[in-house]
Amino acid sequence: MSIPAFTGLNTALRGVQAQQAALDTIAHNIANVETPGYSRQEAVFSSSPTLRVGAGAKADGTSAQLGTGVEVLTYRRLRDDFLDLQYRTQNMAAGESDVEAKRLGLIQSDLATNSSGDLGKLLDKFWSSWDTLAANPSDAAAKAGVVGAAQTLAQRFNSLDSDIASAGTQATSDVTDMLGAAGPIKPIADELASLNSQINQAMGQGMAPNDLLDRRDLLLDQLSQYGQVSVTADPTVGADGNPAYPGMIQVSFGGASTPLVAQTTATMPTAATLSATPGGQLQGLQDVATKAAGYRTTLATMAASLMSSVNSLTSSPIFSGTGANDIAVVATSSTVTAGAAGAPVGDNSVASALARLRGGTVDQSYAGLVQTIGSDVQAATNANTTATSVLGSITAQRQSVSGVSMDEEMSNMIRFQRGYQAAARALTTMDDLLNQLINSTGRVGL
């Protein structure tokens with residue numbers, strides 16, 4: 001078998017086309033250098049199928065294989081699945097701790113520590129008002145001072161309880177909103193379902209839909225800040241035993257039993273269908289709601305203790321109510337007394353006993369509440385600092401793998417430009433040879 005006359009021409013042409021494809025890929029990389037989520041691509045070369053030359057191809061009479069050049073095997077995107085997994089894990093942790101640190105920080109601000117609204121300072125003023133009355137048992141102004149300090153204290157209990165309750169209610173409401181149609185998760189789920197169809201169709205036709213895959217990975221990255229994301233290949237198996245939809249993935253979110261995305265369907269979870277630990281911002285909001293409820297319980301216990309301890313020492317009650325949300329002052333200047341009922345004028349035993357409650361159970365409970373909230377805020381802040389730092393490190397590692405380096409692209413551009421020029425020169429040479437063969441063979445006098 002002889003070698004076809006156009007073999008060399010086709011071989012050179014394949015070289016030109018392959019080098020051009022590589023240059024086109026570089027141009028695509030450079031154009032997308034600032035595109036979020038874009039992964040650097042490269043044209044993977046492979047030698048094209050050889051031409052089998054039959055017996056007599058070589059001097060010993062045997063056959064041979066003749067190379068026919070190069071072709072593009074695939075367009076590969078440079079991506080590390082392990083780094084993607086680590087990124088989403090840390091992004092989830094950062095989302096959770098960020099929300100928790102900010103929301104608990106607002107509750108901490110409501111305590112108004114070391115300001116005129118500090119409940120601890122108001123308790124101190126209340127105890128001091130009894131000290132003043134004990135020193136002046138019959139003084140009307142001192143009795144009015146007790147009533148005024150009690151009213152300010154009760155109002156502060158009410159407002160602080162209301163603020164913490166609002167923080168908890170808002171966190172719970174935000175979970176519902178986040179999962180709703182107008183929340184940030186629904187559009188991501190819908191687009192992932194749509195991409196499932198597009199990617200599966202492209203892969204079914206033997207194409208590598210790199211840009212669509214980048215978009216899908218970017219959406220999964222964004223989704224991970226809201227909750228736990230788990231991605232698996234679509235489990236549907238065809239009659240031949242192979243995956244029926246090789247381009248589709250199944251996305252589980254927030255620990256819900258029903259996948260967020262399955263094939264081309266997006267199913268939004270509800271607050272009730274999420275797991276107890278959905279992760280991400282959802283987890284942070286749930287933790288805030290739980291902790292706010294705990295703070296309110298502590299505050300209610302503290303208010304009840306205050307009412308019980310004070311009212312038990314006075315002949316006429318100072319406070320009414322059951323907790324921090326409804327504590328009120330029922331005493332007036334005329335009902336406040338410094339001494340015990342029936343005691344002689346000048347008796348200050350009651351006022352002195354109440355003044356000695358300073359630093360007792362109520363004050364210690366409030367100090368404990370302040371410390372608990374402060375510790376929770378600090379823990380969330382530290383967790384966020386750690387997660388953000390790790391996330392930054394992983395982002396840098398991902399960028400080193402998937403990011404577009406202009407220096408590297410320029411170097412590759414020169415390399416493939418040289419390859420293109422060489423292949424074009426070979427093509428021109430082969431064309432000249434064929435021209436000589438076709439138009440001049442057999443002519444005399446050339």
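**Notes on a predicted model: helix packing, aromatic pairs and pockets**

1. The buried residues of helix 1 pack against strand 1 (41-47), strand 2 (51-53), strand 3 (64-66) and strand 4 (70-77), and also against helix 10 (406-440). The model in which this packing is seen is a predicted one. Among the residues of helix 1 that are buried are Thr7, Leu9, Ala12, Gly15 and Val16, and further along the helix Thr25, Ile26 and Asn29.

2. Helix 1 itself covers residues 7-31, which makes 25 residues, and the distance from its first C-alpha to its last is 36 Å, close to the 36 Å expected at 1.5 Å a residue. When reading the list of buried positions, a student may find it useful that an α-helix has 3.6 residues a turn, so residues three or four places apart point the same way.

3. Strand 1 and helix 10 come up again when aromatic rings are considered, for a search of the whole structure finds four aromatic pairs. In one of them, the ring centres of Phe45 and Phe416 are 5.8 Å apart and the planes stand at 70 degrees, so the pair is edge-to-face, the cut-off for that class being over 60 degrees. This pair links distant parts of the chain, since Phe45 belongs to strand 1 and Phe416 to helix 10, with their positions 371 residues apart.

4. Are the two partners of this pair buried or exposed? Phe45 has a relative accessible area of 30% and is therefore partly exposed, whereas Phe416, at 12% relative accessibility, counts as buried.

5. A second pair to look at is that of Phe126 and Trp127, whose ring centres lie 5.2 Å apart with planes at 55 degrees, so the pair is tilted. Both Phe126 and Trp127 are buried, and together with Trp130 and Phe319 they form one aromatic cluster.

6. Asn384 is placed in helix 9, and because its relative accessibility is 17%, which is under the 20% limit, Asn384 counts as buried. Which residues does Asn384 touch, once its neighbours within four places in sequence are left aside? The contacts of Asn384 are then with Ala94, Ser97 and Asp98. For Asn384 and Asp98, the separation in sequence is 286 residues, while the C-alpha to C-alpha distance in space is 5.7 Å.

7. Turning to the pockets, the largest has a volume of about 420 Å³, and its lining is made by 17 residues, with Asp81, Asp84, Leu85, Arg88 and Val231 nearest its centre. Helix 2 (81-110), helix 6 (210-224) and strand 5 (229-233) each supply at least two residues of this lining, and helix 2 gives the most, with six. By class, the lining of the largest pocket divides into seven charged, six nonpolar and four polar residues.

8. The second largest pocket holds about 320 Å³ of space and is lined by 19 residues, of which Gly37, Tyr38, Arg398, Gln399 and Ser402 lie nearest its centre. Two or more residues of this lining come from each of helix 2, helix 6 and helix 9 (361-402), and helix 9 gives the most, with five residues. The lining of the second largest pocket is made up of seven nonpolar, seven polar and five charged residues.

Key. Residues are numbered from 1 along each chain as its sequence is written. This is a predicted model: local features need pLDDT of at least 70, side-chain atom pairs count only at pLDDT 80 or more; totals for chains, interfaces and linings use all residues. Side-chain values use heavy atoms; hydrogens and water are left out. On a 1 Å grid over the protein atoms alone, a cavity is a set of points where a 1.4 Å probe fits but cannot get out, and a pocket is an open set with protein on both sides within 12 Å along at least five of seven lines; lining residues have an atom within 4 Å of a point. Grid points are joined across faces, edges and corners, and a volume is the space filled by probe spheres set on the points. Helices (H or I, at least four residues) and strands (E, at least two) are DSSP runs, numbered from the N terminus. Ala, Val, Leu, Ile, Met, Phe, Trp, Tyr, Cys and Pro count as nonpolar, Asp, Glu, Lys and Arg as charged, and the others, Gly among them, as polar. The expected span of a helix is 1.5 Å times one less than its number of residues. Buried means under 20% relative accessible area, exposed over 50%, partly exposed in between (1.4 Å probe, protein chains only). Contact means heavy atoms within 4.5 Å. Rings of Phe, Tyr and Trp (its six-membered ring) pair if their centres lie within 6.5 Å; planes under 30 degrees apart count as stacked, over 60 as edge-to-face and the rest as tilted.
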